[in-house]
Amino acid sequence: MASPVSQFEVDDIQVQYHPNSRCPTQVYHFEDYRCGPGAPAAPPKVDPEPWRPFRTRIDFEVAELAHEAVLTHEQTDRFIKLIHRSRCELFMLRNRKDFTKEEVVVPFRGVDQTFPFFHRSLWDWAVDLLQDPEVGPHFIFDAQQLSKFDGKKFVWYIHEPWTANAFWEHQMANHLCLSSTLTKAKLSSFGRAKGYLIVAWCANLPAAVRNGEGLGGGRVVGWLPIVKEDKKHSKKPAFVNFKNAVWHTSFLTLLACLVPLSKLGSPVKCWDNVVCTFYPIILILSADYKEQVVMALIHGLMGKFPCPACLIPREELSKGSNTYWLCSSGDAKALCARARDSTTAEVQEQVLSSESLCDVNSAFDTMEHTDVYRALSFDKLHFNDKGKFDHLWTELQKWITNSGWQAAVLIDALQVVSISFADGTKYEDISKLIVFAAHNVFKCDLDPQAYLLLRCIWSYVEFNTYALLEVHTEDMIRDGRNTLLELTELMDIYIKDTADLSEKSWNFPKMHLSTHVFDDIEAKGITQNYNTKPNEKMHGPLKDTYQDRTNFKNFAEQILRYNHDSLVAEYIRSKMECLDAQNLGSSIVPDPLEADSDGLESTEPTDVQHFSLGSQQATKSFADFEAANAGDAAFN
């Protein structure tokens with residue numbers, strides 16, 4: 001009996017929406033499918049006055065020039081006076097407020113301590129995105145389950161946050177899913193001046209928009225205070241709680257505009273003039289381990305349970321084959337309430353230390369439908385590249401050194417063996433090449449332990465490759481888990497065989513945190529959705545701003561003001577280019593100052609001028625064409 005003919009073709013994409021969205025399941029041919037609605041078929045209406053809030057176009061262009069030229073306040077004033085004297089066009093620049101400065105007050109040992117906290121409204125930023133005619137059409141609010149037909153069945157796959165499980169679980173209303181990343185940047189050459197930035201992203205936008213440079217990309221929304229260490233109290237529980245309280249009190253100030261909206265919602269007239277009610281939630285939190293410890297309010301490395309995601313004992317961090325109870329905000333709040341009901345401070349500390357919790361109110365508990373432990377995400381840059389591989393690389397450097405200078409010469413063609421890097425991407429590059437450089441130096445029979453370490457590194461590279469994938473199917477996730485299990489087994493053997501030789505402990509948190517990567521992928525999509533790598537690109541401009549635009553005193557406010565001015569200039573310039581393209585039929589506006597010295601415009605071809613239009617010419621043969629150009633060497 002012949003088998004029935006399938007109604008689907010290989011590589012067909014099936015999109016199944018959440019029942020609450022009331023959207024039917026749809027199947028697309030692969031060539032017809034596109035992720036999300038994409039750009040609208042008709043171009044958005046162009047703002048006829050995109051330079052607003054500047055009153056005139058020349059107001060903006062002069063301000064933009066002063067901003068790019070890094071003019072001082074005195075130089076800017078002189079420049080504006082010269083413009084006024086020219087009487088070419090009315091000039092009406094005014095100051096405009098950007099970041100808000102608030103004083104955060106937290107008591108320590110009976111004395112109130114005050115810290116400055118700079119922030120901008122998260123909700124105003126989100127509404128600006130929703131109302132922008134270019135960014136708005138890219139928003140995705142309905143959770144989707146995607147699958148691809150392999151000839152026999154549909155295979156589930158995920159990439160963006162709305163294709164993963166957490167987004168699906170929150171599809172009870174129009175949730176505006178926000179992502180926040182924390183990063184510390186060294187601003188001065190010796191690292192004495194530091195910035196502690198909060199960067200916000202919108203998880204409802206595609207990665208190309210979310211991680212891009214335009215309006216829909218990440219934005220600095222806050223500058224957290226850094227509490228200076230006190231030698232008398234440093235590392236003591238009371239001082240640790242004080243620093244955590246400063247952090248969470250500051251972050252609560254940032255979240256204050258979202259807290260009531262997360263419960264009641266807020267109507268917004270979107271880019272398409274449709275009014276929708278949105279409920280903001282914190283879906284993703286991304287940071288290095290130290291910041292995640294603060295956000296989770298746990299004791300960190302010295303606590304009984306150092307992992308911000310699960311209750312793994314500290315002495316078992318190097319053993320990744322077991323599973324442990326996952327942390328949750330509900331369990332943490334219940335334990336803190338029980339500890340505060342204790343009769344003595346000793347009993348209270350015992351209750352809290354049973355799960356390594358700090359006695360501080362979490363800022364995230366004020367947000368509806370937000371669980372800080374589920375929002376905390378695997379950061380490949382810090383957990384893998386600057387974490388697990390950093391340890392593996394240090395161990396291999398030791399074996400290379402012990403093997404003598406000849407081994408070092410054979411391996412170290414890139415001259416990296418004796419160097420430590422602060423940039424995690426350097427370690428990612430080294431991990432891909434080092435096995436090929438060292439495999440003929442360490443032999444299995446002569447150097448069994450070093451050879452075993454190379455096998456560990458190669459297994460790590462395979463695991464890291466799975467973590468880097470931009471699309472994950474259920475089969476890929478299964479294979480990735482098996483690769484991680486193989487790496488764990490090899491590491492267990494190496495740690496046991498070198499226990500008497502190794503000077504470093506393998507019981508460190510980043511050794512264990514990789515066990516949560518595939519759970520995060522299933523919950524929040526690929527690691528690109530919560531990698532801190534895009535934030536690293538912000539450090540360079542911040543350092544330049546610190547050096548060129550501040551007086552090195554109270555520099556936070558000066559840097560944030562410049563950051564805001566740059567954002568405004570970038571946004572208005574993009575709108576003006578759209579207007580010019582519509583009016584002139586070209587994305588490039590001719591500048592009369594760039595004309596040739598004789599007053600005639602250049603006729604050289606440009607990127608938008610590879611041909612000219614004219615009347616139809618008479619038919620001409622190739623022979624006639626060659627004869628007419630006999631003197632041209634190109635036709636010989």
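**Exercise 1. Work out what span helix α1 should have, and compare it with the distance between its end C-alpha atoms.**

Solution. Start with the ground rules: this is a predicted model, in which local features need pLDDT of at least 70, side-chain atom pairs count only at pLDDT 80 or more, and totals for chains, interfaces and linings use all residues. Residues are numbered from 1 along each chain as its sequence is written, and side-chain values use heavy atoms, with hydrogens and water left out.

Step 1: helices (H or I, at least four residues) and strands (E, at least two) are DSSP runs, numbered from the N terminus. Helix α1 covers residues 57-68, which is 12 residues.

Step 2: the expected span is 1.5 Å times one less than the number of residues, so α1 should span 16 Å.

Step 3: the end C-alpha atoms of α1 are 17 Å apart, in agreement with that value.

**Exercise 2. List the buried residues of α1, then look at what follows the helix.**

Solution. Step 1: buried means under 20% relative accessible area, exposed over 50%, and partly exposed in between (1.4 Å probe, protein chains only).

Step 2: D59, F60, V62, E64, A66 and H67 are the buried residues of α1.

Step 3: after α1 comes V70, with a positive phi near 55°.

**Exercise 3. Find which parts of the chain the salt bridge between E134 and K575 ties together.**

Solution. Step 1: side chains of opposite charge can pair when their charged atoms come close. The rule here asks for a side-chain nitrogen of Lys or Arg within 4 Å of a carboxyl oxygen of Asp or Glu.

Step 2: E134 and K575 meet that rule at 3.8 Å, N to O.

Step 3: E134 lies in the loop between α3 (122-131) and β5 (144-149), and K575 lies in helix α20 (residues 555-584), so the pair ties together parts that are 441 residues apart in sequence.

Step 4: check the cover. E134 is partly exposed at 33% relative accessibility, whereas K575 is buried at 9%.

**Exercise 4. Set a salt bridge within helix α20 beside the E134 pair, and give the total count.**

Solution. Step 1: R561 and E557 form a salt bridge, again with an N to O distance of 3.8 Å.

Step 2: both residues lie in α20, 4 residues apart, about one turn of the helix.

Step 3: R561 is partly exposed at 34%, and E557 is partly exposed at 36%.

Step 4: the count by the salt-bridge rule comes to 21. Nicely, K380, D385, E428, K432 and K533 are linked in a network of such bridges.
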